[in-house]
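The following report describes a single protein chain, beginning with its packing and then turning to helix geometry and strand pairing.

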Amino acid sequence: MADVNTASAAFLATIPSPDQGVWHIGPIPIRAYALCIIAGIIAAIWLGERRWIARGGTKGTVIDVAVFAVPFGLVGGRLYHVLTDNQLYFGEGKNPLNALKIWDGGLGIWGAIALGAVGALIACRRRGIPLPAMADALAPGIVLAQAIGRVGNYFNQELYGAHTDLPWGLEIYQRYNPANPDDFLNGVAIGHVPLPDSPVHPTFLYELLWNVGVALLIIWADKKFRLGHGRVFALYVAGYTAGRFWIELMRTDSANHILGLRVNVWTSILLFAAAIVYFVLAAKRGPREAPETLWSKDVPREEDAAASSSSPSEEPRSEEHADVAAAPDTVRDSAADKATEDPKPDTEK
(Lines give C-alpha, C1' and ligand atoms only; values in the text may rest on other atoms or scores of the structure.)
Protein backbone atom coordinates (compact mmCIF):
# COMPACT_ATOMS: atom_id res chain seq x y z
CA MET A 1 0.00 0.00 0.00
CA ALA A 2 2.85 2.36 0.81
CA ASP A 3 4.38 1.76 -2.62
CA VAL A 4 1.07 2.51 -4.31
CA ASN A 5 0.67 5.76 -2.38
CA THR A 6 4.24 6.78 -3.22
CA ALA A 7 3.67 6.09 -6.90
CA SER A 8 0.39 8.04 -6.86
CA ALA A 9 2.05 10.99 -5.16
CA ALA A 10 4.85 10.98 -7.72
CA PHE A 11 2.35 10.89 -10.59
CA LEU A 12 0.31 13.75 -9.17
CA ALA A 13 3.49 15.81 -8.76
CA THR A 14 4.16 15.75 -12.49
CA ILE A 15 2.42 17.08 -15.59
CA PRO A 16 0.67 14.33 -17.58
CA SER A 17 0.81 14.32 -21.37
CA PRO A 18 -2.32 14.04 -23.51
CA ASP A 19 -3.16 10.53 -24.66
CA GLN A 20 -3.14 11.67 -28.28
CA GLY A 21 -2.65 14.68 -30.50
CA VAL A 22 -4.82 13.62 -33.44
CA TRP A 23 -8.53 12.87 -33.53
CA HIS A 24 -10.62 11.76 -36.48
CA ILE A 25 -14.04 12.87 -37.64
CA GLY A 26 -14.70 10.16 -40.17
CA PRO A 27 -11.74 10.22 -42.56
CA ILE A 28 -10.75 13.77 -41.57
CA PRO A 29 -7.90 14.09 -39.03
CA ILE A 30 -8.13 16.92 -36.50
CA ARG A 31 -4.62 17.75 -35.33
CA ALA A 32 -3.97 19.71 -32.16
CA TYR A 33 -0.69 21.04 -33.60
CA ALA A 34 -2.47 22.55 -36.61
CA LEU A 35 -5.20 24.04 -34.42
CA CYS A 36 -2.58 25.71 -32.23
CA ILE A 37 -0.81 27.17 -35.27
CA ILE A 38 -4.12 28.57 -36.54
CA ALA A 39 -5.00 29.97 -33.11
CA GLY A 40 -1.58 31.63 -32.93
CA ILE A 41 -2.01 33.25 -36.34
CA ILE A 42 -5.43 34.61 -35.35
CA ALA A 43 -4.03 36.01 -32.10
CA ALA A 44 -1.12 37.65 -33.92
CA ILE A 45 -3.42 39.31 -36.47
CA TRP A 46 -5.82 40.50 -33.76
CA LEU A 47 -3.12 42.04 -31.59
CA GLY A 48 -1.21 43.42 -34.57
CA GLU A 49 -4.32 45.10 -35.96
CA ARG A 50 -5.04 46.81 -32.63
CA ARG A 51 -1.47 48.05 -32.35
CA TRP A 52 -1.34 49.23 -35.97
CA ILE A 53 -4.52 51.28 -35.61
CA ALA A 54 -3.27 52.74 -32.30
CA ARG A 55 -0.10 53.90 -34.06
CA GLY A 56 -2.16 55.71 -36.71
CA GLY A 57 -2.37 53.05 -39.41
CA THR A 58 -5.31 52.14 -41.61
CA LYS A 59 -7.84 49.65 -40.31
CA GLY A 60 -7.64 46.29 -42.09
CA THR A 61 -4.03 46.71 -43.20
CA VAL A 62 -2.68 43.93 -40.96
CA ILE A 63 -5.13 41.44 -42.45
CA ASP A 64 -4.01 42.45 -45.94
CA VAL A 65 -0.37 41.95 -44.92
CA ALA A 66 -1.20 38.58 -43.35
CA VAL A 67 -2.65 37.36 -46.65
CA PHE A 68 0.90 37.54 -48.04
CA ALA A 69 2.99 36.95 -44.92
CA VAL A 70 1.26 33.85 -43.52
CA PRO A 71 1.61 31.52 -46.53
CA PHE A 72 5.14 32.79 -47.16
CA GLY A 73 5.93 32.19 -43.49
CA LEU A 74 4.55 28.65 -43.45
CA VAL A 75 6.65 27.73 -46.48
CA GLY A 76 9.73 29.38 -44.99
CA GLY A 77 9.24 27.69 -41.64
CA ARG A 78 9.00 24.29 -43.27
CA LEU A 79 12.03 24.91 -45.47
CA TYR A 80 14.13 25.89 -42.46
CA HIS A 81 13.08 22.75 -40.59
CA VAL A 82 13.80 20.46 -43.54
CA LEU A 83 17.19 22.06 -44.20
CA THR A 84 18.36 21.97 -40.59
CA ASP A 85 16.99 18.46 -39.95
CA ASN A 86 17.46 17.02 -43.42
CA GLN A 87 18.46 13.60 -42.06
CA LEU A 88 14.81 13.04 -41.16
CA TYR A 89 13.73 13.18 -44.81
CA PHE A 90 16.68 12.30 -47.01
CA GLY A 91 19.03 9.35 -47.10
CA GLU A 92 18.76 5.58 -47.01
CA GLY A 93 15.37 4.37 -45.87
CA LYS A 94 13.85 7.87 -45.80
CA ASN A 95 10.93 9.16 -47.84
CA PRO A 96 11.60 12.68 -49.19
CA LEU A 97 7.86 13.23 -49.67
CA ASN A 98 7.52 13.35 -45.89
CA ALA A 99 9.15 16.77 -46.09
CA LEU A 100 5.83 18.04 -47.43
CA LYS A 101 3.82 16.74 -44.48
CA ILE A 102 3.70 19.95 -42.53
CA TRP A 103 0.77 18.59 -40.50
CA ASP A 104 3.13 16.15 -38.77
CA GLY A 105 4.94 19.05 -37.13
CA GLY A 106 8.21 20.75 -37.92
CA LEU A 107 8.32 24.52 -38.46
CA GLY A 108 11.46 26.57 -37.97
CA ILE A 109 10.61 29.99 -36.61
CA TRP A 110 13.49 31.78 -38.36
CA GLY A 111 12.55 30.42 -41.74
CA ALA A 112 8.99 31.55 -41.07
CA ILE A 113 10.16 35.03 -40.05
CA ALA A 114 12.54 35.41 -43.00
CA LEU A 115 10.18 34.34 -45.76
CA GLY A 116 7.19 35.84 -43.96
CA ALA A 117 9.02 39.18 -44.05
CA VAL A 118 9.29 38.86 -47.82
CA GLY A 119 5.52 38.44 -48.06
CA ALA A 120 4.99 41.35 -45.67
CA LEU A 121 7.33 43.53 -47.74
CA ILE A 122 5.30 42.84 -50.87
CA ALA A 123 2.08 43.79 -49.08
CA CYS A 124 3.59 46.92 -47.50
CA ARG A 125 4.86 48.19 -50.83
CA ARG A 126 1.46 47.65 -52.38
CA ARG A 127 -0.02 49.72 -49.56
CA GLY A 128 2.75 52.33 -49.56
CA ILE A 129 3.64 51.85 -45.88
CA PRO A 130 7.03 51.24 -44.21
CA LEU A 131 7.85 47.61 -43.36
CA PRO A 132 9.75 48.46 -40.13
CA ALA A 133 6.67 50.16 -38.70
CA MET A 134 4.52 47.15 -39.56
CA ALA A 135 7.11 44.84 -37.98
CA ASP A 136 6.94 46.89 -34.77
CA ALA A 137 3.17 46.55 -34.65
CA LEU A 138 3.29 42.80 -35.29
CA ALA A 139 6.20 41.86 -33.00
CA PRO A 140 4.26 41.17 -29.76
CA GLY A 141 1.64 39.18 -31.68
CA ILE A 142 4.31 37.07 -33.37
CA VAL A 143 5.93 35.99 -30.11
CA LEU A 144 2.49 35.41 -28.59
CA ALA A 145 1.67 33.16 -31.55
CA GLN A 146 4.88 31.24 -30.87
CA ALA A 147 3.74 30.69 -27.30
CA ILE A 148 0.40 29.32 -28.45
CA GLY A 149 2.14 27.11 -30.99
CA ARG A 150 4.16 25.47 -28.21
CA VAL A 151 0.94 23.99 -26.89
CA GLY A 152 0.90 21.93 -30.08
CA ASN A 153 4.29 20.49 -29.10
CA TYR A 154 2.71 19.38 -25.83
CA PHE A 155 0.07 17.39 -27.70
CA ASN A 156 2.73 15.93 -30.00
CA GLN A 157 4.94 14.90 -27.04
CA GLU A 158 7.96 16.67 -28.54
CA LEU A 159 10.58 19.29 -27.71
CA TYR A 160 11.25 18.14 -24.18
CA GLY A 161 14.42 17.90 -22.12
CA ALA A 162 16.24 15.37 -20.01
CA HIS A 163 14.91 13.43 -17.05
CA THR A 164 13.98 15.48 -13.98
CA ASP A 165 12.54 14.93 -10.51
CA LEU A 166 11.16 18.46 -10.27
CA PRO A 167 7.45 18.78 -9.41
CA TRP A 168 6.67 20.17 -12.86
CA GLY A 169 8.31 17.30 -14.71
CA LEU A 170 6.42 16.12 -17.79
CA GLU A 171 5.21 12.54 -18.05
CA ILE A 172 5.59 11.19 -21.58
CA TYR A 173 3.91 7.96 -22.64
CA GLN A 174 4.31 5.29 -25.24
CA ARG A 175 1.81 5.79 -28.05
CA TYR A 176 0.61 3.07 -30.37
CA ASN A 177 -0.69 3.42 -33.92
CA PRO A 178 -2.17 0.14 -35.24
CA ALA A 179 -1.78 1.27 -38.86
CA ASN A 180 1.92 2.07 -38.42
CA PRO A 181 3.69 1.01 -35.20
CA ASP A 182 6.58 3.38 -35.93
CA ASP A 183 4.27 6.39 -36.23
CA PHE A 184 3.89 7.34 -32.57
CA LEU A 185 2.87 10.91 -33.52
CA ASN A 186 -0.51 9.68 -34.75
CA GLY A 187 -0.79 7.01 -32.07
CA VAL A 188 -2.68 6.81 -28.79
CA ALA A 189 -1.25 6.25 -25.30
CA ILE A 190 -2.80 3.06 -23.96
CA GLY A 191 -2.34 2.33 -20.27
CA HIS A 192 -0.13 5.37 -19.70
CA VAL A 193 3.10 3.40 -20.04
CA PRO A 194 5.90 5.95 -19.47
CA LEU A 195 8.91 6.25 -21.76
CA PRO A 196 12.28 5.40 -20.17
CA ASP A 197 13.34 9.00 -19.36
CA SER A 198 9.93 10.08 -18.08
CA PRO A 199 9.35 12.50 -16.37
CA VAL A 200 11.32 15.09 -18.35
CA HIS A 201 11.86 18.84 -18.43
CA PRO A 202 8.92 20.42 -20.31
CA THR A 203 11.14 22.72 -22.36
CA PHE A 204 8.20 23.60 -24.60
CA LEU A 205 6.49 24.98 -21.48
CA TYR A 206 9.60 26.94 -20.51
CA GLU A 207 9.62 28.55 -23.93
CA LEU A 208 5.88 29.20 -23.82
CA LEU A 209 6.23 31.13 -20.56
CA TRP A 210 9.33 32.93 -21.80
CA ASN A 211 7.54 34.03 -24.96
CA VAL A 212 4.62 35.45 -23.01
CA GLY A 213 7.11 37.38 -20.90
CA VAL A 214 8.84 38.74 -24.02
CA ALA A 215 5.47 39.86 -25.42
CA LEU A 216 4.67 41.78 -22.23
CA LEU A 217 8.18 43.25 -22.11
CA ILE A 218 8.16 44.68 -25.62
CA ILE A 219 4.63 46.04 -25.26
CA TRP A 220 5.74 47.85 -22.10
CA ALA A 221 8.97 49.12 -23.68
CA ASP A 222 7.10 50.35 -26.75
CA LYS A 223 4.67 52.37 -24.65
CA LYS A 224 7.37 53.66 -22.32
CA PHE A 225 9.93 54.74 -24.92
CA ARG A 226 7.76 55.10 -28.05
CA LEU A 227 10.01 52.86 -30.12
CA GLY A 228 9.90 52.95 -33.89
CA HIS A 229 11.77 52.12 -37.10
CA GLY A 230 11.85 48.39 -36.35
CA ARG A 231 13.24 48.67 -32.82
CA VAL A 232 10.30 46.83 -31.24
CA PHE A 233 10.89 43.95 -33.63
CA ALA A 234 14.61 44.00 -32.83
CA LEU A 235 13.81 43.87 -29.12
CA TYR A 236 11.55 40.88 -29.77
CA VAL A 237 14.34 39.06 -31.64
CA ALA A 238 16.85 39.79 -28.88
CA GLY A 239 14.47 38.74 -26.12
CA TYR A 240 13.32 35.58 -27.83
CA THR A 241 16.79 34.39 -28.81
CA ALA A 242 18.11 35.00 -25.29
CA GLY A 243 15.54 32.51 -24.00
CA ARG A 244 15.85 30.13 -26.92
CA PHE A 245 19.62 29.89 -26.26
CA TRP A 246 19.36 28.33 -22.81
CA ILE A 247 16.19 26.37 -23.56
CA GLU A 248 17.81 24.84 -26.66
CA LEU A 249 20.68 23.61 -24.50
CA MET A 250 18.19 21.67 -22.35
CA ARG A 251 16.48 19.85 -25.20
CA THR A 252 17.32 16.21 -25.89
CA ASP A 253 15.52 15.68 -29.20
CA SER A 254 17.69 14.89 -32.21
CA ALA A 255 19.28 17.87 -33.96
CA ASN A 256 22.28 18.67 -36.11
CA HIS A 257 25.33 20.14 -34.38
CA ILE A 258 28.07 22.58 -35.37
CA LEU A 259 31.22 22.65 -33.22
CA GLY A 260 29.41 20.73 -30.52
CA LEU A 261 26.37 23.01 -30.31
CA ARG A 262 22.92 22.58 -31.82
CA VAL A 263 22.27 24.58 -34.99
CA ASN A 264 19.55 26.62 -33.29
CA VAL A 265 21.96 27.60 -30.52
CA TRP A 266 24.27 29.19 -33.08
CA THR A 267 21.31 30.78 -34.81
CA SER A 268 20.19 32.31 -31.52
CA ILE A 269 23.67 33.71 -30.81
CA LEU A 270 24.00 35.34 -34.23
CA LEU A 271 20.49 36.77 -34.31
CA PHE A 272 20.78 38.11 -30.76
CA ALA A 273 23.93 40.02 -31.71
CA ALA A 274 22.37 41.30 -34.95
CA ALA A 275 19.22 42.45 -33.12
CA ILE A 276 21.19 44.40 -30.53
CA VAL A 277 23.25 46.14 -33.22
CA TYR A 278 20.11 47.06 -35.17
CA PHE A 279 18.34 48.29 -32.03
CA VAL A 280 21.22 50.69 -31.30
CA LEU A 281 21.69 51.91 -34.87
CA ALA A 282 17.96 52.38 -35.56
CA ALA A 283 17.75 54.83 -32.66
CA LYS A 284 19.64 57.32 -34.86
CA ARG A 285 16.66 57.48 -37.20
CA GLY A 286 14.81 59.61 -34.69
CA PRO A 287 11.35 59.40 -33.12
CA ARG A 288 8.69 56.88 -34.03
CA GLU A 289 7.21 57.16 -37.52
CA ALA A 290 4.61 59.91 -37.93
CA PRO A 291 1.04 58.54 -38.08
CA GLU A 292 0.41 59.99 -41.55
CA THR A 293 3.21 57.81 -42.98
CA LEU A 294 1.36 54.68 -41.86
CA TRP A 295 -1.85 55.44 -43.76
CA SER A 296 -2.36 53.24 -46.81
CA LYS A 297 -1.97 55.19 -50.01
CA ASP A 298 -5.13 53.73 -51.56
CA VAL A 299 -7.39 54.71 -48.64
CA PRO A 300 -8.37 58.40 -48.23
CA ARG A 301 -7.85 59.79 -44.75
CA GLU A 302 -11.02 60.87 -42.95
CA GLU A 303 -9.72 64.37 -42.27
CA ASP A 304 -8.78 64.82 -45.92
CA ALA A 305 -12.22 63.71 -47.06
CA ALA A 306 -13.86 66.01 -44.51
CA ALA A 307 -11.76 68.98 -45.61
CA SER A 308 -12.56 68.32 -49.25
CA SER A 309 -16.30 68.16 -48.62
CA SER A 310 -16.39 71.24 -46.37
CA SER A 311 -14.32 73.61 -48.56
CA PRO A 312 -16.61 76.15 -50.36
CA SER A 313 -16.61 75.92 -54.09
CA GLU A 314 -15.64 79.04 -56.08
CA GLU A 315 -18.63 80.94 -57.48
CA PRO A 316 -18.41 81.88 -61.15
CA ARG A 317 -17.33 85.44 -61.67
CA SER A 318 -19.14 87.89 -63.97
CA GLU A 319 -17.55 89.01 -67.21
CA GLU A 320 -16.93 92.46 -65.67
CA HIS A 321 -15.01 90.96 -62.77
CA ALA A 322 -13.14 88.69 -65.12
CA ASP A 323 -12.15 91.67 -67.31
CA VAL A 324 -10.86 93.62 -64.30
CA ALA A 325 -8.94 90.63 -63.03
CA ALA A 326 -7.36 90.13 -66.43
CA ALA A 327 -6.55 93.85 -66.99
CA PRO A 328 -3.07 95.30 -66.47
CA ASP A 329 -2.24 96.60 -63.01
CA THR A 330 -2.34 100.26 -64.14
CA VAL A 331 -5.87 99.90 -65.47
CA ARG A 332 -7.08 98.24 -62.27
CA ASP A 333 -5.45 100.94 -60.14
CA SER A 334 -7.09 103.71 -62.25
CA ALA A 335 -10.48 102.11 -61.87
CA ALA A 336 -10.03 101.87 -58.13
CA ASP A 337 -9.02 105.53 -57.82
CA LYS A 338 -12.04 106.67 -59.82
CA ALA A 339 -14.35 104.65 -57.62
CA THR A 340 -13.02 106.34 -54.48
CA GLU A 341 -13.36 110.00 -55.72
CA ASP A 342 -15.88 112.19 -53.84
CA PRO A 343 -19.08 112.47 -55.83
CA LYS A 344 -20.22 115.93 -57.00
CA PRO A 345 -22.66 117.70 -54.62
CA ASP A 346 -26.31 117.45 -55.48
CA THR A 347 -26.65 121.28 -55.41
CA GLU A 348 -24.34 121.73 -58.30
CA LYS A 349 -26.33 122.47 -61.46
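In this predicted model, Ile 109 is in contact with Gln 146, Tyr 236, Tyr 240 and Arg 244, once its neighbours within four places in sequence are set aside. Ile 109 also belongs to the largest nonpolar core, which has 18 residues, and it is listed with Trp 110, Ile 218 and Tyr 236 as touching the most other members. The helices below each give two or more residues to this core, and among these contributors α7 gives the most, with five residues.

| Element | Residues |
|---|---|
| α4 | 109–127 |
| α5 | 131–156 |
| α6 | 203–225 |
| α7 | 231–250 |
| α8 | 263–282 |

Apart from this core lies another, made up of 13 residues, including Val 65, Ala 69, Met 134 and Leu 294.

The geometry of α5 can be followed along its length. Because a helix is expected to span 1.5 Å a residue, the 26 residues of α5 should cover 38 Å, and the distance of 35 Å between its end C-alpha atoms agrees with this. Within α5 there is a kink of about 45° at Leu 138, shortly before the proline Pro 140, and just after the helix Gln 157 takes a positive phi of about 55°.

Strands β1 (residues 22–25) and β2 (residues 28–31) run antiparallel and are joined by four bridges, with Trp 23 standing opposite Ile 30 in β2. Two residues lie between the strands of this hairpin, in which Gly 26 takes a positive phi near 65°.

Key: Residues are numbered from 1 along each chain as its sequence is written. This is a predicted model: local features need pLDDT of at least 70, side-chain atom pairs count only at pLDDT 80 or more; totals for chains, interfaces and linings use all residues. Side-chain values use heavy atoms; hydrogens and water are left out. A nonpolar core is a set of buried Ala, Val, Leu, Ile, Met, Phe, Trp, Tyr and Cys residues joined through side-chain atoms within 4.5 Å. Buried means under 20% relative accessible area, exposed over 50%, partly exposed in between (1.4 Å probe, protein chains only). Contact means heavy atoms within 4.5 Å. The expected span of a helix is 1.5 Å times one less than its number of residues. The bend at a residue is the angle between axes fitted to the seven residues ending there and the seven starting there. Two strands pair if DSSP finds at least two bridges between them.
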